[in-house]
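Student: Could you give me a close look at one part of this model, the way you'd talk it through at the screen? I'd like a connected story rather than a tour of everything.

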Amino acid sequence: MPPERQVGPRAPHSVRCRPRPVNGPHHFRGPPAETPPRAARPPGLGSTRGRTGFPDRPSPPEESSMNVGFVGLGAMGRAMAGQLLAAGHRVQVWNRSPEPVEQLVAQGAVAAGSVAEVFTANEVVVSMLANDAAVEALLLDEELLAGATAGVHVNMATISTELAVRATELHRRHGLGYVAAPVLGRPDAAAAGNLAILAGGPEELLDRVAPVFAAVGRHTYRLGTEPQQANLCKISINFMLFSAVEAFAEAAALGESGGLAAADLLEVVTGTLFPGPVYAGYGGAIAAERYEPAGFRVELALKDVSLALASGAANAVPLPLASLLRDAFLDNIAHGEAALDSSALGRTARRRAGLDERKS
């Protein structure tokens, strides 16, 4: 293990995790990526191991400000770009629809006329798009990457490991650094700069984009030198998250069938065996039957569960719970609930139990 780096008072919490191989046909075992020589790192941009807790995160020092391009201004991307501006970075933004661009320009961002402009006018490009199809259509273009002058592209979307491998190879072929950095947290956490960042890529590149991570998150985990390792971690965590939500949805339906209020069940669960944000947040929404506004839509949850199933198939790992979750989310979508919050698994559980019919 490399020696622990010293961290200045402004550094975010960063944890380097032990790299593990990603087995299966999509694991790239080629030579290490060629990266530009490591520049001197400004004070406070190192990483640490072994700490716990999320320390307060002051703004980065002036010398760490960067020219950052941002592509994809949905609820998450818009909030993250705002945090970059608040931290003192110079931010250029692009989005298919103009409204989020206008909002960020009012905060001090500069509008880009095209994605190509973003990749030529900035030292770092951050993207936050919805899925594999959007990433491939907008960003994995040979002509775009051939003309790029940016040093590194930080892809913060949750995408498949297969696409992550292809993206890494394509960027490498054009001399552009590539880092995967999907995040844990909903839009409210993004707006507060309170995301957990799951980072994968060469150490030199992770060091270079540390000021970006400092602006949008409180905690950075370094998960290996291959970007797809970070994507696999995010896919695995979301699989566990939705498994927990489904467990409470079914338990709440069982309780309701016998006259136990879901709110009472939730109070006991969160006060004893399962404290924490998953049951408190998603379970609270199920108990209150509050599925709008959506923090994480059903259609996006189905995408992430499908990514888990695809990774399982590629690596010969059965995921029976993921199959159950896929069908539950498909039930939501079949009932016109694609835009509801993913806690609407509570509705699926109630339908399976026929609870509304029992009341009539």
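Tutor: Let's start with handedness, since we'll need it straight away: a crossing is called right-handed if the near helix is turned clockwise from the far one by less than a right angle, and left-handed if it is turned anticlockwise. This is a predicted model, and with that in mind, let's follow the helix packing from α10 towards the C-terminal helices.

Take α6 and α10 to begin with. Helix α6, residues 161–173, passes α10 in a right-handed crossing. Their axes come within 8 Å and cross at roughly 160 degrees; because an angle over 145 counts as roughly antiparallel, α6 is roughly antiparallel to α10. On the α6 side the contact is made by T161, A164, V165 and T168, and α10 answers with P227, Q228, N231, L232 and I235. Sort those residues by class and you get five nonpolar, four polar and no charged.

Now slide along α10, which runs over residues 227–257, until you reach S243. Is S243 buried or exposed? At 18% relative accessibility it counts as buried, as the cut-off for that label is under 20%. Once you leave aside neighbours within four places in sequence, S243 is in contact with L321 and L325. L325 is worth remembering, as it is one of the α14 residues in the contact with α13.

That brings us to the α13–α14 pair. Helix α13 covers residues 298–314 and helix α14 covers residues 320–334; their axes come within 9 Å and cross at roughly 155 degrees. That makes α13 roughly antiparallel to α14, and here the crossing is left-handed. From α13 the contact draws on V298, E299, A301, L302, V305 and L309, while α14 brings A322, S323, L325, R326, F329, L330, N332 and I333. By class, the residues of this contact divide into ten nonpolar, two polar and two charged. In the loop between these two helices sits A316. Its phi is near 55 degrees, a positive value in a residue other than glycine, and at 71% relative accessibility A316 counts as exposed.

Carry on past α14 and you meet S342, in the loop that leads to α15 (345–353). S342 is buried, with a relative accessible area of 0%. Leaving aside neighbours within four places in sequence, S342 is in contact with F242, V245, Y282, F296, R297, V298, A301 and F329. Several names there should ring a bell: V298 and A301 of α13 and F329 of α14 also belong to the contact of that helix pair.

What comes before α13? There's a loop between α12 (277–288) and α13, and P293 is in it. A cis peptide bond joins E292 and P293, with omega at about -5 degrees. E289 lies in that loop too. Phi of E289 is near 50 degrees, a positive value for a non-glycine residue, and E289 is partly exposed, with a relative accessible area of 48%. It's worth pausing on those backbone features, because most residues other than glycine have a negative phi, and most peptide bonds are trans.

One step further back, α12 packs with helix α11, residues 262–271, at an angle of about 170 degrees, with the axes 9 Å apart. The two are therefore roughly antiparallel to each other. Here A262, A263, L266, V269 and T270 of α11 meet Y279, A280, G283, G284 and A287 of α12. That contact has seven nonpolar, three polar and no charged residues.

How far should you trust the picture? The mean pLDDT of the protein chain is 87, and 82% of its residues reach 70 or more. Over residues 1–13, though, the pLDDT is below 50, and this stretch has 35 contacts in the model beyond near neighbours in sequence. Residues 19–63 also have pLDDT below 50, with 91 such contacts. Don't lean on those contacts: where pLDDT is low, the predicted coordinates should not be read in detail.

Methods
Residues numbered from 1 in each chain as written. Predicted model: local features only at pLDDT ≥ 70, side-chain atom pairs only at ≥ 80, totals over all residues. Heavy atoms only, no water. Axes fitted to C-alpha atoms, helices over the stretch in contact; angles between N-to-C directions. Helix = DSSP H or I, 4+ residues; strand = E, 2+ residues; numbered from the N terminus. Parallel < 35°, antiparallel > 145°, perpendicular 65-115°, else oblique. Contact = heavy atoms within 4.5 Å. Nonpolar A, V, L, I, M, F, W, Y, C, P; charged D, E, K, R; others polar. pLDDT = per-residue confidence, 0-100. Buried < 20%, exposed > 50% of the residue type's maximum accessible area, 1.4 Å probe, protein only.
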